[in-house]
Amino acid sequence: MLIGELSRRTGASARSLRYYEAQGLLEARRGTNGYRAYDEDAVASVRKIRTLLRAGLSTEVIRQVLPCARGEQAGFDWCAELRAMLDGELADLDEQIEALRRSRGALVGLLAERR
């Protein structure tokens with residue numbers, strides 16, 4: 001299928017699809033006319049990519065876990081590597097949230113002094 005059809009079927013813009021390809025997340029063949037051509041499984045791949053991006057993962061992390069995200073649907077086959085990587089990402093987010101809470105508390109304290 002061409003990029004326009006993949007875009008229509010997944011809701012991802014053509015620009016996003018080209019970005020996913022440039023990041024090594026999505027593969028396309030080139031026709032003799034230079035147009036990108038995608039296999040049918042690209043639909044599920046794009047849906048997985050978008051799900052992982054919405055979860056806050058970087059394209060670098062997605063590139064590492066995507067091969068483990070098997071299956072024809074947008075779901076995931078939770079292999080050990082994928083689970084371990086996502087557990088690590090969750091721990092990192094928890095640390096960032098705690099750091100933001102501490103910063104917020106410090107800022108509230110500063111503002112309280114001025115009143």
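This briefing describes the burial of one helix, the main nonpolar core, the salt bridges and a surface patch in a predicted model. Because the model is predicted, local features need pLDDT of at least 70 and side-chain atom pairs count only at pLDDT 80 or more, while totals for chains, interfaces and linings use all residues. Residues are numbered from 1 along each chain as its sequence is written, and side-chain values use heavy atoms, with hydrogens and water left out. Helices (H or I, at least four residues) and strands (E, at least two) are DSSP runs, numbered from the N terminus.

**Helix α1**

- In helix α1, which spans residues 3-10, the residues Ile3, Leu6, Ser7 and Thr10 are buried, where buried means under 20% relative accessible area, exposed over 50%, and partly exposed in between (1.4 Å probe, protein chains only).
- Seen down the axis of α1, these buried residues fall within an arc of 100 degrees, so they line one face of the helix; the arc is that of the directions from the helix axis to the C-beta atoms.
- The cover over the buried residues of α1 includes α2 (14-22), β2 (36-37) and α3 (42-54), and just after α1, Gly11 takes a positive phi of about 85 degrees.

**Nonpolar core**

- The largest nonpolar core (buried Ala, Val, Leu, Ile, Met, Phe, Trp, Tyr and Cys residues joined through side-chain atoms within 4.5 Å) has 24 residues, and those with the most contacts inside it are Leu6, Leu17, Tyr20, Leu26, Tyr38 and Val46.
- Two or more residues of this core come from each of α1, α2, α3, α4 (59-65) and α5, with the largest share, five residues, given by α3.
- Val46 touches Leu6, Thr10, Ala12, Leu17, Tyr20 and Leu26, not counting residues up to four places away in sequence, where contact means heavy atoms within 4.5 Å.

**Salt bridges**

- Counting a side-chain nitrogen of Lys or Arg within 4 Å of a carboxyl oxygen of Asp or Glu, there are seven salt bridges.
- Arg9 and Glu40 meet at 2.4 Å, N to O; Arg9 lies in helix α1 and Glu40 in the loop between β2 and α3, so the pair ties together parts that are 31 residues apart in sequence.
- Glu5, Arg9 and Glu40 are linked in a network of salt bridges.
- In helix α5, Glu98 forms salt bridges with Arg101 (3.8 Å, N to O) and with Arg102 (4.0 Å, N to O); Glu98 is partly exposed at 36%, whereas Arg101 is exposed at 57%.

**Surface patch**

- Leu90, Leu93 and Ile97 form a nonpolar patch on the surface with about 250 Å² of accessible area together, and Leu93, in helix α5 (residues 80-113), is partly exposed at 37% relative accessibility.
- Patch residues have over 30% relative accessible area and no salt bridge, with like charges joined within 9 Å and nonpolar side chains (Val, Leu, Ile, Met, Phe, Trp, Tyr) within 5 Å; accessible areas come from the Shrake-Rupley method with a 1.4 Å probe, and for residues only the protein chains shown count as cover.
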